[in-house]
Amino acid sequence: MSDVVRVDIQDQVARVEINNPPVNATGQAVRQGLLDAVAQIGQAGAKAAIVYGAGRTFVAGGDISEFGKPPQLPHLPDVYQAIEDSSVPWIAAVHGTTLGGGFELAMACAFRLAQNGTRFGLPEVNLGLVPGAGGSQRLPRLIGVDAAIDLATTGKMIDAAKLQELGGLDGIFEGDPLEAGLAFAADLPARPTKVSARDIAPVDSDYFAQKHAEIKKRAKGQSSPLDNLKAIEWAATLPFAEGQPKERQLHLDLRDSAQSQALRHVFFAERAVTKPKAIEGGTPLEINTICVVGGGLMGAGIAFACLQAGYQVILIERDDDAAQAGQDRIAGLIEGGIKRGKISDEKAVKLRSALSASSDYAASASADLAIEAVFEDLAVKQPVFQSLAAHMRSDAILATNTSYLDPTQIFEGIDNPARFIGLHFFSPAHIMKLLEIVKLPTTSKDVLATGFDLGKRLRKVGVLSGICDGFIGNRILSAYRRQADYLLMDGCTPRQIDRAMRDFGMPMGPYELQDLTGLQIAWANRKRQAATRPADERYVRIGDLLCEAERFGQRSQKGWYQYEEGNRTPQDDPFVTDLIIEEAAQAGVTRRDFTDQEIVDRLMAVMINEGALIVEEGIAERDLDVDLVKIHGYGFPRWRGGPMHYGEQIGMDKVKQAMAEVVAQSPNSWRVAGRLS
């Protein structure tokens, strides 16, 4: 038999072990091994077969490395059909994660048993695909159309208890999967109707049209949720023998689609990003207690995230009232978690007991790591670290959460510079997945490795960045906003630019986003950069003028748009339109019309160009680092793969052309990356 599928038949019960670490993926060897097992077990006259996974999981999906290559025999649908059609009833005894091809395997078996806590799902949608081995056709026959649509179009997972409640399991067990399977086989029930032959309860005539409208709105341009809905509609309207080949063909067609290629790029990038060359040879240091300085929205979010990850947290604020306010803010986050069912009462007690707050820096003495989250000003940040250094161990790690400032200046005058690091969280820090891990010239490999280990424990995507103004994400954001302002001057309106970028897949356009976050943040950065801004660089002051008029965005009910009390819907404001036209006239600009595609092309060209410069300068090690920063920190559509992948996908010649148009429109304002010159 195959090395990855082992068959042992004792007392007429076959034990079929899948042992293909790390996740028992259904690669070619597994498929062939299972097909051979069907034949061997049938010839042996066994009365039952138990299929289970070795190691920490059952089968957690297909072998994604095979995608993009010609499919190899045997095909997975044929293997699973052979299992379902076998004269010997197969029992799936699963544990860990039973996803994609693993869930499809379980559905092809006559019986399904699951270890308590096992998670099930069809995550193909997250790779731009539909299931390829009958998952969309068997699942609605097993648990109903509603539940099948929910799983297949979202990629979310459910646990064994929920699957059993939906009718998808024959039993839940504790302990060893094989032992559970043997116990079940010892008193084997009558074989039920094959899942593929079961009836599906009829739905209303407009059911799928309504679902299509709901899912399209939620998908925001991603096509695979709608593809999965289509496949489930086939299950509801066609015999399995017709629906399954249609599902398989759609799966194969989608493998070559731009969205699937982009989503697979992100899948692999998220695994590669945690292993930059800069941490090779580094060993994470032990961190038990973390001191967070600053109890505002950012600091409270960081502290809450650290508490949830199991750390002891010491919060330090400027005075007792501020310390109490920060502690109350964290308590509010804990209460919110309880109300949403994310935190149990027992866990809440542990979180509260792991938190202390003080206005005295002496409280930081026991901390292994300190994270500063105070106002973005050198004059504020520097004294924080001087106070921390006076009380903490000389080898304790010191981290700044700065968004733009040079960390080397922040840590100036502090001993042992090997322990300095930047940990740039994104707000709200307990929700946003991105963590820019900023390496200083003096940062040791062990400290850098500790930053990545912390990110993993906080369930964040840690991305290495070198030092530049804004690091990776905010530097690209600044270039993106600057080009948007040039387009405003040259003929666009804020609404047209926002619409074009939302249609591209961004959750918000640049002006809607500024109104949401507040115009004063970017204004402060522009004032800070004024002293070093090249004299011949084109500068648009419209945003400055809005701030001078105290139009700071939604909170002041006026920014790039105007807002009604209690209503966040942006309304066009003649004040802004007139200001744009007036500024263009004063600058001698002849405004013209731009298509939405021209807007997208130019804004994307600038993002790609800035990303390329960041890689050329060594601020980021790889293009994939840039892609993940923009996806996880700034809402860049995952299904487009990030700006750098998108540029390669549409062709760098097209990006070069768009960048040339950008430069022609705003001479002396752009440095062009080598690959775009």
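Student: What area does the chain expose, and how much of it do carbon and sulfur atoms supply?
Tutor: Happy to start there: this is a predicted model, where local features need pLDDT of at least 70, side-chain atom pairs count only at pLDDT 80 or more, and totals for chains, interfaces and linings use all residues. Residues are numbered from 1 along each chain as its sequence is written, and side-chain values use heavy atoms, leaving out hydrogens and water. Accessible areas come from the Shrake-Rupley method with a 1.4 Å probe, and for residues only the protein chains shown count as cover. The exposed area is about 28500 Å², and the share from carbon and sulfur atoms is 50%.

Student: What share of the 677 residues counts as buried?
Tutor: Buried means under 20% relative accessible area, with a 1.4 Å probe and protein chains only. Of the 677 residues of the chain, the buried share is 55%.

Student: Why does the radius of gyration agree with a compact globule?
Tutor: The radius is taken over C-alpha atoms, and the globule rule is 2.2 Å times the number of residues to the power 0.38. For 677 residues a compact globule would have a radius near 26 Å, which agrees with the chain's 28 Å.

Student: Which residue is the bridge partner of Q10 in strand 2?
Tutor: Strands are DSSP runs of E, at least two residues long, numbered from the N terminus, and two strands pair if DSSP finds at least two bridges between them. Strand 1 (residues 5-10) and strand 2 (residues 13-18) run antiparallel, joined by six bridges. In strand 2, the partner of Q10 is V13.

How values were computed: Buried < 20%, exposed > 50% of the residue type's maximum accessible area, 1.4 Å probe, protein only. Helix = DSSP H or I, 4+ residues; strand = E, 2+ residues; numbered from the N terminus.
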